[in-house]
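Student: Hi! I'd like to get my bearings in this one, in plain words please.

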Amino acid sequence: MSERKRIHLCLAKMSEEGWEQKYIQEAFDTNWVAPLGANVNGLEADLKQFLGGEREVLCLSSGTAAVHLALILSGVGPGDEVIVQSFTFCASANPVSYLGATPVFVDSEKDTWNMDPDLLEQAIRDRIAKTGRKPKAIVPVTLYGMPYQVDRILEIAKRYDIPLVEDTAESLGSRYRGHNMGTFGRFGVLSFNGNKIITTSGGGALICPDEQTKNEALRYATQAREAMPYYQHETVGYNYRLSNISAGIGRGQMHVLENNIAHHKHVQKLYEELLADVTGVKVHVQPATGEYDSNYWLCTITLDPSLRIVGQEKAYEGIPRVDCEPNANVEALRVYMDAAGIEARPVWKPMHLQPVFASSPAYLNGVSEAVFKMGMCLPAGPYVTDDDVRYIVETIKKAKA
Ligand SMILES: Cc1ncc(COP(=O)(O)O)c(C=O)c1O
């Protein structure tokens with residue numbers, strides 16, 4: 001259907017100056033081909049500075065590892081409960097299960113699509129009433145880069161004295177009241193997976209409140225080896241450090257981070273302008289209160305259920321049907337765009353609707369389920385040009401039946 005180059009959701013783009021290759025070459029030249037070295041230290045220092053200088057940063061093999069270590073350091077263990085935003089990627093919740101604890105899911109509010117503070121408080125009270133114990137941590141998420149309602153969530157976490165683990169895997173560079181997401185709670189989580197705002201191919205980081213906590217996380221990330229001349233282990237540990245080669249990519253990517261953030265925001269603005277008068281299609285935007293500054297990692301839209309898309313009757317033909325799935329017009333638009341060389345995908349399916357978490361308690365208001373049925377992510381990465389955005393919008397218009 002199309003001769004154009006395929007437009008991906010968010011492809012990593014290396015710096016034009018080749019910084020990534022330079023740092024990798026240094027690792028080879030100095031023979032630091034290991035999960036420690038100058039690039040790991042350098043990336044940690046760069047991230048610390050980017051985040052405002054007050055928090056410590058520990059580079060890890062993935063964002064998932066960062067969630068896992070944050071939960072361990074929050075004291076989560078077998079039989080505990082952890083409150084997790086339901087509307088998220090599974091990596092926010094899976095580490096709760098790794099620890100033999102139970103995720104308790106809390107739905108979203110409709111403005112940011114992130115954790116609903118009223119439901120959060122209701123969930124905390126109800127869990128205390130039912131189990132006699134407080135949840136051990138609260139995991140809000142910054143979905144697609146969007147800050148959650150920091151003031152309210154933080155106030156509730158403080159009042160009940162429950163540590164906040166901010167899953168900011170998607171929101172490096174997003175801010176709330178001028179402060180970086182991931183620096184409000186006890187811990188913050190970053191991901192440098194291949195499709196994030198910057199990449200290390202695969203990798204992540206844990207944002208820690210102080211040096212001592214960072215060292216404790218480092219101990220767990222390096223098989224919990226004690227400070228002895230021989231191998232002494234008093235707790236179970238993990239092999240979670242970031243490779244010095246991957247960190248070299250990350251250090252190079254720090255040179256393009258500000259540009260990438262500006263580009264994502266620019267692409268978002270263009271979608272907002274061009275889709276403004278396309279009936280049935282709504283672009284998800286941050287609340288206009290002046291507090292929110294999303295990096296707009298991906299542009300997200302919702303399709304009105306009344307919108308008809310070409311081929312919609314056959315949208316799910318040959319695909320096993322489940323209880324809750326995107327509306328037929330969303331799936332039809334995804335297929336239409338795919339044929340036009342555009343990668344679009346449904347928004348995350350909420351965790352309370354995932355069979356794997358069927359037995360977890362959930363505090364719901366219908367918001368995440370409704371957005372899941374109507375929502376879609378559009379390409380927004382550094383390779384997406386203005387011309388691509390125009391083409392994507394024209395394709396959406398053409399897809400209307
Ligand atoms: C919300 C969220 N949490 C956690 C992760 C996990 O990060 P990683 O893929 O680096 O393990 C991701 C991304 O992949 C994510 O989108």
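Tutor: Happy to help, and one rule comes before the strands: two strands pair if DSSP finds at least two bridges between them. Helices (H or I, at least four residues) and strands (E, at least two) are DSSP runs, numbered from the N terminus. This is a predicted model, in which local features need pLDDT of at least 70 and side-chain atom pairs count only at pLDDT 80 or more, while totals for chains, interfaces and linings use all residues. Residues are numbered from 1 along each chain as its sequence is written.

Student: Okay, so what stands opposite Lys282 in S12?

Tutor: Thr302 does. The strands S10 and S12 are antiparallel partners, joined over 3 bridges.

Student: In what order do the strands of that open, antiparallel sheet come?

Tutor: The order is S10-S12-S15-S13, so to speak a row of 4 strands. At the edges are strand S10 (281-283) and strand S13 (345-346), and each of them pairs on one side only.

Student: How many bridges join S12 to S15?

Tutor: There are 4 bridges between strand S12 (residues 299-303) and strand S15 (residues 375-378), and the two run antiparallel. You can find Thr300 opposite Cys377 in S15, and Ile301 has Met376 as its bridge partner in that strand.

Student: Why is S12 called largely enclosed?

Tutor: Because 5 of the 5 residues of S12 are buried, the rest of the structure largely encloses this strand. A residue is buried if 20 or more other C-beta atoms lie within 10 Å of its own, exposed if 12 or fewer, and partly exposed in between, with C-beta atoms placed from the backbone. Both faces of S12 are covered, with Cys299, Ile301 and Leu303 buried on one side and Thr300 and Thr302 on the other.

Student: Which helix has 10 of its 10 residues buried?

Tutor: That's helix H8 (residues 244-253), and since 10 of its 10 residues are buried, it is largely enclosed by the rest of the structure. The buried residues of H8 include Asn244, Ile245, Arg251 and Gln253.

Student: And what covers the buried residues of H8?

Tutor: The cover includes helix H1 (19-29), H2, S1 and H9. Let's follow a few of those names.

Student: Sure, start with S1. Which open sheet is S1 in, and is the pairing mixed or antiparallel?

Tutor: S1 is in an open sheet of 4 strands, ordered S1-S9-S8-S5, with mixed pairing. Its edge strands are strand S1 (56-60) and strand S5 (165-167), each with pairing on one side only. From one strand to the next, the twist averages 20°.

Student: How is S1 joined to S9?

Tutor: S1 and strand S9 (residues 204-208) run antiparallel and are joined by 5 bridges. For an example, look at Glu56, which stands opposite Cys208 in S9.

Student: Which helix lies across S1 and S9?

Tutor: Helix H2 (residues 38-50) does, running at about 135° to S1. Helix H7 (residues 211-221) also packs on the sheet, where it touches S1 and S9, and its direction makes about 10° with that of S1. Angles run from 0 to 180 degrees between N-to-C directions, and axes are lines fitted to C-alpha atoms, for helices over the stretch in contact. Contact between two residues means their C-beta atoms, placed from the backbone, lie within 7 Å.

Student: Now H9. At what angle do H9 and H12 pack?

Tutor: Helix H9 (residues 257-275) packs against helix H12 (residues 386-399) at about 35°, and their axes are 10 Å apart. On the H9 side, Val267, Leu270, Tyr271, Leu274 and Leu275 meet Asp386, Val389, Arg390 and Val393 in H12.

Student: Switching topic: which residues have a positive phi although they are not glycine?

Tutor: Asp161 has one of about 55°, and Ser201 has one of about 80°. Asp161 is in the loop between helix H6 (150-160) and S5, while Ser201 is in the loop between strand S8 (187-191) and S9.

Student: Is Asp161 buried or exposed?

Tutor: Asp161 is exposed, because it has 7 other C-beta atoms within 10 Å. Ser201 counts as partly exposed, because it has 14 C-beta neighbours inside 10 Å.

Student: Last one: where does Val356 lie?

Tutor: Val356 lies in the loop between S13 and strand S14 (362-363). It counts as exposed, with 11 C-beta neighbours inside 10 Å. The C-alpha atoms of Val356 and Cys90 are separated by 9.9 Å, though these residues are 266 residues apart along the chain.
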